[in-house]
Amino acid sequence: MTSQGMPVVVEAVERPATEPKTIKGSPRWGDLILRVVAGLVLLYLFVPIFVIILFSFNNPQGKFNYTWQGFTLNNWAHPFKYPALADALKLSLNVAAVSTAIAVVLGSLVAIALVRQRFRGQSAVDTFLVIPLTAPEVVFGAALLTLFLDLGWAAGYVTILIAHIAFEISFIAMTVRARMRGFDWTLEDASMDLGANPSRTFFKVTLPLIIPGIVAAAMLSFALSLDDFIITYFVSGSTVTYPLYVNAAVKAAVPPQINVLATAILVISLILLAVGTLYRRKRIDV
Amino acid sequence: MAGVASSSRQRSKIAPYLMILPALAYLGVFFVVPFFTLLKTSLSTSGGSIYLPTLSFAWKFGNYSHAFSTYQDQIIRTFTYALVATLLCLVLAFPLAYVIAFKAGRYKNLILGLVILPFFVTFLIRTIAWKTILADDGWVVTALGTVGLLPSEGRLLSTSWAVVGGLTYNWIIFMVLPLYVSLEKIDPRLIEASKDLYSSNRRSFTKVILPLSMPGVLAGSLLVFIPASGDFINADYLGSTKTTMIGNVVQKQFLVVKDYPAAAALSMVLMAIILVGVMLYTRALGTEDLV
């Protein structure tokens, strides 16, 4: 996924569920055609996913896992057979965790300031936050590279972190801000009226209100970082993250373990998604 | 917002600035400054060896005319591909978004989840999967050949169609979701009203639903067009040397050939064309409601 589109993903998913509405009156066959077309488009979205899962069980004879040769469970038994792949994945998880931790603090502070405070230049800050989401990744990656060249910094772990934090801040600020709108902020006044001081109010009232939004933004930011290829490619030097390993594999040899790990990541995301949904439902019920 | 503004939490004049300062300073240094160094690089001359190129700033506008003349093909190709992919996304995404918004009933959230699910697999691996699907000895090519839609020696991989197909696939989610959001906001009573006033189905679609979905069309088009025109993975994995896009050249010039000024100039050209295109497009559709 690219960072540009992430806010809209969040908006679509977070939209309060309105009562199901159905538009009636269209002719039966027209309705049927529409549903079939929509179903086919949905199927199209899944075709590569089926292929990826299927080929995680492939037993390729050559270097490339592109044609079906036979069923095996070997790949799943040895997902970390290639140490370089495991190392790349570890590095990506590390980069995603560290960059998200930093970007969450910076981005959330901006979001809180934008929603909870009134200050001069607020709309300028608003606009400024959108700009990083509109620059094509290849241009941003190239621009960062020229900065590092100019400064004479060697590309590697630190420059990758710097790049990831840069594209995560805007995303997190916008996601958290969207989540914070529509909260009942009079609760803060109530807490102050009852004698709590500002810092107590912040930790006992404000923070618990916004934490779910921050956690959601952090998870998506983590996913963005883990998946980023284009920007990372420009600023990585000889350091190899998980997507960079995959890209190098396309040129040299594609082991089926790539499919195994991709499938595993998909399943883990699915579980996290389900747990998150159930957790939220439970909170709303209470 | 007026009610919020009068709440007790903004007595401090400097607090908000202290809160936004770290992020803005960070983005200033690592987002704004890089565009100036890119601009500077694009006007420099390069010397030294390929391993250690040295840059000196020289107001060399020749880099730009060089970028335009040398990579004319790639520039035209890039925006053609991105445009076709955006249109394909629109055509494919509209029925799906429409059905999710109006016909899915209680399965709405499930289908939305399904739409997002494929995108939890790394973008590169999804594109590799298309390589398998479109392969010369794959079942798609065989099937199309049998039906006669593809000549016997015809290929899908390494063609423009494969690249455009990959671009379409990789960013269609960013068309489906904004379309869904704007369709979902439509009050169904408006459509019923148009029917009560004897509008045909087609007329209520073109006069009510389509105009009201414009913010989604606009947002979706930009969210597909911008990343698609900057992409080089699809052209690299699914295309051939005849389908290279600006991104491929920028990537190669920066990281392989290390001709930094030429690559920087081409990046600036890409950025400028996108900015102008986005501005014209937003003006034409008459809305600035992007986010």
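# A guided tour of a two-chain model

Select chain A to begin: of its 286 residues, 42% are buried. Keep in mind throughout that you are looking at a predicted model.

**Stop 1: chain A.** Stay with chain A and switch on the cartoon view. How many helices and strands are there in chain A? You will find 12 helices and zero strands, so the pattern along the sequence of chain A is written with the helix symbol throughout, α-α-α-α-α-α-α-α-α-α-α-α. Now show the contacts within chain A. Of those with a separation of 6 or more, 78% are between residues 24 or more positions apart.

Next, colour chain A by confidence. Its mean pLDDT is 85, with 89% of the residues at 70 or more. Where in chain A is confidence lowest, and where is it highest? The lowest mean, 68, belongs to helix α1 (residues 6–14) of chain A, while helix α10 (residues 230–235) of chain A has the highest, 95.

**Stop 2: where the chains meet.** Show both chains together. The predictor gives this complex an ipTM of 0.86 and a pTM of 0.87. Here 86 residues of chain B are in contact with 83 residues of chain A. Which element gives the most to the side of chain B that touches chain A? Select helix α2 (residues 15–42) of chain B, which supplies 17 residues. On this side of chain B, 62 residues are nonpolar, 15 are polar and nine are charged.

**Stop 3: along α2(B).** Keep that helix selected. From its first C-alpha to its last, α2(B) reaches 40 Å over 28 residues, close to the 40 Å expected at 1.5 Å a residue. Now zoom in on B:L21, where α2(B) has a kink of about 40°. The proline B:P22 comes shortly after this kink.

**Stop 4: the nonpolar core.** In soluble globular proteins, nonpolar side chains tend to be buried together. In this model, the largest nonpolar core has 156 residues. Select A:V110, A:A142, A:L144, B:A93, B:A97, B:V176 and B:L266, the residues with the most contacts inside this core. Helix α4 (residues 72–103) of chain B gives the most to the core, with 15 residues. Then centre on B:V176. Leaving out residues up to four places away in sequence, B:V176 touches B:A93, B:L96, B:A97 and B:V115.

**Stop 5: two residues with a positive phi.** Most residues other than glycine have a negative phi. Select B:S158, which is not a glycine but has a positive phi of about 70°. You will find B:S158 in the loop between α7 (139–147) and α8 (160–171) of chain B. Is B:S158 exposed or partly exposed? B:S158 counts as partly exposed because it has 16 C-beta neighbours inside 10 Å.

Move on to B:K258, in the loop between α14 (246–257) and α15 (260–285) of chain B. B:K258 is not a glycine and has a positive phi of about 60°. With 17 C-beta neighbours inside 10 Å, B:K258 counts as partly exposed.

**Stop 6: a strand in chain B.** Select B:G47, in strand β1 (residues 44–48) of chain B. B:G47 counts as exposed because it has 9 C-beta neighbours inside 10 Å. Add B:D259 to the selection: B:G47 and B:D259 are 212 residues apart in sequence, yet 9.4 Å apart in space from C-alpha to C-alpha.

**Last stop: confidence in chain B.** Colour chain B by confidence. The mean pLDDT of chain B is 86, and 92% of its residues reach 70 or more. Finish at residues 1–10 of chain B, where pLDDT stays under 50. For these residues the model has 11 contacts beyond four places in sequence.

Definitions and conventions: Residues numbered from 1 in each chain as written. Chains lettered and ligands numbered in written order. Predicted model: local features only at pLDDT ≥ 70, side-chain atom pairs only at ≥ 80, totals over all residues. Helix = DSSP H or I, 4+ residues; strand = E, 2+ residues; numbered from the N terminus. Buried ≥ 20, exposed ≤ 12 C-beta atoms within 10 Å, placed from the backbone. Contact = placed C-beta atoms within 7 Å. Nonpolar A, V, L, I, M, F, W, Y, C, P; charged D, E, K, R; others polar. Expected span 1.5 Å × (residues − 1). Bend = angle between axes of the 7 residues up to and from the residue. pLDDT = per-residue confidence, 0-100. Core = buried A, V, L, I, M, F, W, Y, C linked by C-beta atoms within 7 Å.
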